[in-house]
Amino acid sequence: QVKLVESGGGLVQAGGSLRLSCEASGSIFRPNAMGWYRQAPGKQRELVAAIIDGGSTNYADAVKDRFTISRDNAKNTVYLQMNSLKPEDTAVYYCNAEYMIFSKEYQYWGQGTQVTVSS
């Protein structure tokens with residue numbers, strides 16, 4: 001069973017930085033894609049950033065030029081470096097991993113880590 005363990009959330013002042021980490025374990029396969037989503041109170045979960053196995057990345061417009069997603073394939077770990085944080089970045093951040101095994105897609109989620117940005 002795949003398990004995603006997140007770390008790095010916390011409380012930071014506006015303009016500050018945080019780095020989230022997420023390690024995937026429990027599979028002999030490497031995730032095809034890994035990413036970060038977030039969900040603020042009363043809002044739907046939304047994509048923040050994603051990175052595929054080849055290294056291509058995708059960012060939500062709201063975080064472009066402030067957040068950077070990266071991946072260490074040897075450790076099956078994805079990182080999200082968040083700079084110039086804003087109060088509107090406050091949310092629970094969830095790690096996501098997508099596996100393609102014999103043409104079938106499997107999605108897994110972490111438990112979530114709280115990011116709070118104070119003004």
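Where is Ser84 found? Select it to begin: Ser84 sits in the loop between β8 and β9, where helices (H or I, at least four residues) and strands (E, at least two) are DSSP runs, numbered from the N terminus. Although Ser84 is not a glycine, its phi is positive, at about 50 degrees. Ser84 is partly exposed, with a relative accessible area of 41%; here buried means under 20% relative accessible area, exposed over 50%, and partly exposed in between (1.4 Å probe, protein chains only).

Before moving on, a word about the model. It is a predicted model, in which local features need pLDDT of at least 70 and side-chain atom pairs count only at pLDDT 80 or more, while totals for chains, interfaces and linings use all residues. Residues are numbered from 1 along each chain as its sequence is written, and side-chain values use heavy atoms, with hydrogens and water left out.

**Stop 1: another loop**

Next, pick Asn76, found in the loop between β7 and β8. Asn76 is a residue other than glycine with a positive phi, near 50 degrees. Is Asn76 buried or exposed? Asn76 counts as buried because its relative accessibility is 17%.

**Stop 2: the open sheet**

Now show the strands as a cartoon. In the order β1-β3-β8-β7, 4 strands form an open sheet with antiparallel pairing; two strands pair if DSSP finds at least two bridges between them. The edge strands, each pairing on one side only, are β1 (3-7) and β7 (67-72). From one strand to the next, the twist averages 15 degrees, with axes taken as lines fitted to C-alpha atoms (for helices over the stretch in contact) and angles running from 0 to 180 degrees between N-to-C directions.

Start at one edge with β1, which is joined to β3 by 5 bridges and runs antiparallel to it. Select Ser7, and you will find its bridge partner in β3, Ser21. In a regular strand the side chains alternate between the two faces of the sheet. Colour the faces of β1: Leu4 and Glu6 make up the covered one, while Lys3, Val5 and Ser7 make up the uncovered one.

At the other edge, β7 and strand β8 (residues 77-82) run antiparallel and are joined by 6 bridges. Arg71 has Val78 as its bridge partner in β8.

**Stop 3: the disulfide**

Select Cys22 and Cys95 and show their side chains. They form a disulfide, with sulfur atoms 2.0 Å apart; the term covers a pair of cysteine sulfur atoms within 2.5 Å. This pair links distant parts of the chain, 73 residues apart: Cys22 lies in strand β3 (residues 18-25) and Cys95 in strand β9 (residues 91-101). The link is left-handed, with -80 degrees about the S-S bond. Both Cys22 and Cys95 are buried.

**Stop 4: Arg45**

Move to Arg45, in the loop between β4 (33-39) and β5 (46-52). Arg45 is partly exposed, since its relative accessible area is 34%. Add Tyr93 to the selection: the two C-alpha atoms are separated by 9.0 Å, and the residues are 48 apart along the chain.
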